[in-house]
There are 2 protein chains.
Amino acid sequence: MSVTSPAGPSSSVVAEIKEKARRLRILSMMATTAAGSGHPTSCMSAADLVAGLFFYAMKFDPKNANSPDGDRFVLSKGHAAPLLYAALAEAGVFPESRLMTLRTASSELEGHPTPLIPGVDAATGSLGQGLSVGAGLAIGARLDQSPTRVYVLTGDGELAEGQIWEASAFAGHDKLDNLTVIADINALGQSEPTMYEHQMDIYKKKFESEGFATEVIDGHDVPAVLAALDRAKATKGKPQAILARTVKGQGFSEVAGKQGWHGKPFSKDQLAAAIKELGGGIDVPPDPGKSYARKSLPHRADFPPPAAPDYDPAKPLATREAYGYALKRIGAVNPKLVVMSGDVDNSTFSEIFAKAYPGRFFQGYIAEQNMVSVSVGLAAREFTAFADTFACFLSRAVDEVRMAAVSRSNLSLCGSHCGVSIGEDGPSQMGLEDIANFRAVNGSQVLYPSDAISAERLTEYMARTDGITYLRTSRPKTPILYSKDEKFPVPGFKVLRQSAQDRVTVIGAGVTLHEALKAADDLKAKGTAIRVIDLYCVKPIDGKAVADQVKATGGNLVVVEDHWAEGGVGEAVLSALAQAGAAPAKFRHLAVTRMPHSGKEKELLDMFGISASHIAEAAMALA
Amino acid sequence: MSVTSPAGPSSSVVAEIKEKARRLRILSMMATTAAGSGHPTSCMSAADLVAGLFFYAMKFDPKNANSPDGDRFVLSKGHAAPLLYAALAEAGVFPESRLMTLRTASSELEGHPTPLIPGVDAATGSLGQGLSVGAGLAIGARLDQSPTRVYVLTGDGELAEGQIWEASAFAGHDKLDNLTVIADINALGQSEPTMYEHQMDIYKKKFESEGFATEVIDGHDVPAVLAALDRAKATKGKPQAILARTVKGQGFSEVAGKQGWHGKPFSKDQLAAAIKELGGGIDVPPDPGKSYARKSLPHRADFPPPAAPDYDPAKPLATREAYGYALKRIGAVNPKLVVMSGDVDNSTFSEIFAKAYPGRFFQGYIAEQNMVSVSVGLAAREFTAFADTFACFLSRAVDEVRMAAVSRSNLSLCGSHCGVSIGEDGPSQMGLEDIANFRAVNGSQVLYPSDAISAERLTEYMARTDGITYLRTSRPKTPILYSKDEKFPVPGFKVLRQSAQDRVTVIGAGVTLHEALKAADDLKAKGTAIRVIDLYCVKPIDGKAVADQVKATGGNLVVVEDHWAEGGVGEAVLSALAQAGAAPAKFRHLAVTRMPHSGKEKELLDMFGISASHIAEAAMALA
């Protein structure tokens, strides 16, 4: 659709785009007034930009809106959803009548975009994440050798989010020249003017410092918008930033440029006045009720069985290291596997994959938020995306993982260095809340292997699994417990010590599973039998199966975890038991309850109450 | 100590600083070799900078290392802790022998700094947070009209963290000229070289674009370091950035400038070689074992009772709005109260405080990470710091809240717009994991008021309480349930419907408490009595007291929450009951289990299984 004549777009093209922008403004206002909520002024500032994108610059097929070879659009300022929906309607993805179902319970056109809507790759609405998603789409396009260009529309309030600058640095450093960010700089935040208002030069310096080809335009001057989009498309070797000076609420003089109209729909009277000012209305028939939600979302590609792990069963190996070997083995049979790390791949061991497949490893540097959202972009192009860092540093990206779930994304995360067992580095490096954080993600699965074999098999399971999957790995070397042919169903657990005389069930995972085995062996030598369960899958849990084990040991249960007491293994088990109509008769929960401290691994397990001697003591108290 | 002669520091001062730097290098290496772990090369690149800071530029009293009128130092690159500890020892805070206890379980000198160490205001070790903390200290100093200057030392790897740029924009916009950031640019990250290595100009452009007076120096040229510190101190109207080009491992040629030495202590032989290269050792006697941990940490100031809430008991009011009124009433009697919001103060209602006390409200803009860590800086200067945004957007700052706990900080957070009850905005704006996230914070308290009176009283409670406190507020208006004289002890709950015939206990909070009351009233009209509990305090919970209630209703319990099933009210209650040796006989947990959707509030409560009719149904199933 774009005219590449050196003279720029013809006057008829300009007129067409102006008319599209006019319609987008009106439809955004009509939809939000019908809904009784929404952000029309945020839509109106960006209408000329979006019109230029959808009806001039972008290669977009309404019949195949998520095509991997079409251009992609990410609405980072997700609250301008009605504007995007209006553009999709104008482009022919669905009828305009559908817009009047905005924000209703039965409509795919929700208050903020989700990938259930054709043309949308990732949910937005939590600001500052869209540029990372766009960078992921752009990298994915490059890997696919696709001509796809990626356009990201941001607001200006969201340019205060640090993640925008993580993403910019990442894109600039990687010279992602198939990525264009258009910033709708309307100067007004939600509660007050933005930090820089219309000081365009400040924004220009920021983007230039990140390595973007940057220009400032009047975002309501349609020929200027189109010309800037042409120049962006022609730019090689750098991503591009078009900084558009705009007016919030542009088109309706009653609100244009005035604070206090963020997130406020117009009354029917205001709507009529605005439509009049914009040159007349659009007739939209009643909506017949047909949904245009996408029928299918990206899925992870299947792949043949990787080579089996080949560890020497007599040599302890850390689960974090086995994760690295697993990635390499899976990478050999799954060309879609891509991995990112937050500058700690030599600690998480994804460096093993990185060395074997450097073209499929992307250094995230110390920028976890960006790493997660870039992975969401890669996943939208059906790559099998893994991202890893220390478990505690994944807490930097909880919002991004939350939005990945709203995006129905397929994303695997690995958090290493969990718990006090990391030792001397101390609490700032100890993941003690990650199980809580990642259980509380819709549809997530949480896996916590205790040995290298289960770590490998569970990593493979994750690579085959849609949704959000989280693997918790440990720093210390631990003995190998399972044979290479062992299977690890999800949900599931392994009973590693059992007899007809078991007095208590002890559930552990990771390092505490090994402590529990030690406790069991110590107690057995003294004449007391206890059952030990390796809960390698913390979410989901088959409560009935766990209840059967606990029942067989007189209802006595000890759960021991290298994690805070809240939201972790203990609470997961109690909850699963309760769901199954069961509860322990007697219960002890060993977890980290005081702020930990530097020290040796074994010392700390003991100081913080989760070592073998504590487990034995708790078991004996119940037995 | 600094010489302000126009000719700069004398050659004897320069020689002294060089000798200090030499000693800091040696002590850092000795400490990490003794510990068998740590990051000597990260210390060695910054030794000249830290020597210049502690022994030339900073006003620092070793007998009063956390003095509010002394200069403050934040080691944002927390893994260089041994360097900081060596400087504190050289300055006389504790003997050098103490350094040899680094990273041991009984020593206050942990792997990464905590405020238990004199001179430290906030724990670091999760990169990218220190500049925000420094900005908070600087703002606090300004509020206190203190001559304090704040110095923040960052690494370069951590300049990839977006939060650094949130903090920079914030400091630049606020013209915090009592804040100097010194960046130790040694070009080597943990796993590979940093993104920009020694391209100093890129960093210079970034800081300049944020409004910093910025210069580039050779970080090992001591006269240049001292001169830059002098220029920084003399700069008015802008924060300052000194970008120091350094060499990782500077001083020991075997490692200097070489990748692969991050986080690796030197062997005894290497240590000997390094000491020789650095011109000879330092005799350090054995440590006698005396701790130098601070005897007391900042506490929140007491304040007289604020004015009582004066709501019309007949008019529903949202708990989010009551929070705003509470802040204003507390602000009137507590001059230490300071509040930040993430550009949503008109939604969280802290705007009520902001309008009354504009000098004590700081706009965080859309940058939640920075907002939380700035608050930690303010709290270190004993301000009573509150920060608010939508509950879901606080998930952007989970790592920062985690580090606030390691900092033993006193910090109050308010997350509004919790749950599906927000309605049409849809899931990207719904806080559904915040209870899980903030329960899993060491020592935290989680409060979830159901009406305006309890919201006010709990806000006041938080303002009087040390540690991390979290208030969950709701968007919809809800009826007032309590009289203005009602007290809300922590832990605690209110029994709002009870009789001797109660068949089931229903525990709700926030909007689900109101749904539970409706269910109770509906069931009562049909002849079935149920008990209704308002669990306004979700952490801590008195499990025995809850167990007594459940026991009185035949052991039948329904918990209903506007939150995911994981880590929230239901799991908190089950866990508390189990700790008390109790469990429900029959249990139903109503929570949000599917990804929510836009829609009307009441519609969504019903669609997602937590409305009055669902509660009644669950209660009848157990009764």
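Before selecting anything, one definition: contact here means heavy atoms within 4.5 Å. Two more will help on the way: helices (H or I, at least four residues) and strands (E, at least two) are DSSP runs, numbered from the N terminus, and axes are lines fitted to C-alpha atoms, for helices over the stretch in contact, with angles running from 0 to 180 degrees between N-to-C directions.

What you have open is a predicted model, in which local features need pLDDT of at least 70, side-chain atom pairs count only at pLDDT 80 or more, and totals for chains, interfaces and linings use all residues. Residues are numbered from 1 along each chain as its sequence is written, chains are lettered from A and ligands numbered from 1 in the order in which they are written, and side-chain values use heavy atoms, with hydrogens and water left out.

**Stop 1: the two chains**

Colour chains A and B separately. A turn of 180° and a shift of 0.0 Å along the axis lays chain B on chain A with an RMSD of 0.0 Å (copies are superposed by least squares on the C-alpha atoms of residues with pLDDT of at least 70 in both). The two copies are thus related as by a two-fold rotation axis. Which residue of chain B comes closest to that axis? Select B:Gly162: its C-alpha is 1.8 Å away from the axis. Now look at where the chains meet: 100% of the interface residues of chain B are also interface residues in chain A, so the copies meet through the same surface.

**Stop 2: the sheet in chain A**

Hide chain B for a moment. In chain A you'll find an open sheet of five strands with parallel pairing, in the order β1-β2-β3-β5-β4 (two strands pair if DSSP finds at least two bridges between them). At its edges sit β1 (72-75) and β4 (213-218) of chain A, each pairing on one side only. On average, neighbouring strands are turned by 15° against each other, ignoring direction.

Zoom in on β2 (residues 150-154) and β3 (residues 179-185) of chain A, which pair in the parallel sense over five bridges. Here A:Val150 stands opposite A:Leu179 in β3(A).

Next, add helix α8 (residues 222-234) of chain A. This helix packs on the sheet and touches β2, β3, β4 and β5 of chain A, its direction making about 170° with that of β4(A). Then show helix α7 (residues 200-209) of chain A, lying across β3, β4 and β5 (240-245) of chain A and running at about 170° to β5(A).

**Stop 3: a helix crossing in chain A**

Select α1 (residues 11-35) and α4 (residues 81-91) of chain A. Their axes come within 8 Å and cross at roughly 125°. Angles under 35 degrees count as roughly parallel, over 145 as roughly antiparallel, 65 to 115 as roughly perpendicular and the rest as oblique; α1(A) and α4(A) are therefore oblique to each other. Which residues make the contact? On the α1(A) side, show A:Lys20, A:Arg23, A:Leu24, A:Leu27, A:Ser28 and A:Thr32; on the α4(A) side, A:Pro82, A:Leu83, A:Ala86, A:Ala87 and A:Glu90.

**Stop 4: over to chain B**

Bring chain B back and pick out β1(B) and β2 (residues 150-154) of chain B, a parallel pair with four bridges. B:Arg72 stands opposite B:Val150 in β2(B).

Now try α3 (residues 47-57) and α8 (residues 222-234) of chain B, whose axes come within 10 Å and cross at roughly 55°. These two helices are therefore oblique to each other. Where they meet, α3(B) offers B:Asp48, B:Leu49, B:Gly52, B:Leu53, B:Tyr56 and B:Ala57, and α8(B) offers B:Val222, B:Val225, B:Leu226, B:Leu229, B:Asp230 and B:Lys233.

**Stop 5: backbone oddities**

Go to A:Val490 and A:Pro491, which are joined by a cis peptide bond with omega of about -5°. A:Pro491 is in the loop between β13 (477-478) and β14 (494-497) of chain A. In chain B, check the peptide bond from B:Lys539 to B:Pro540: this one is cis, with omega near 5°. B:Pro540 is found in the loop between β17 (537-539) and α19 (543-552) of chain B.

Finish at A:Tyr365, which is not a glycine but has a positive phi of about 55°. You'll find A:Tyr365 in the loop between β8 (361-363) and α13 (368-380) of chain A.
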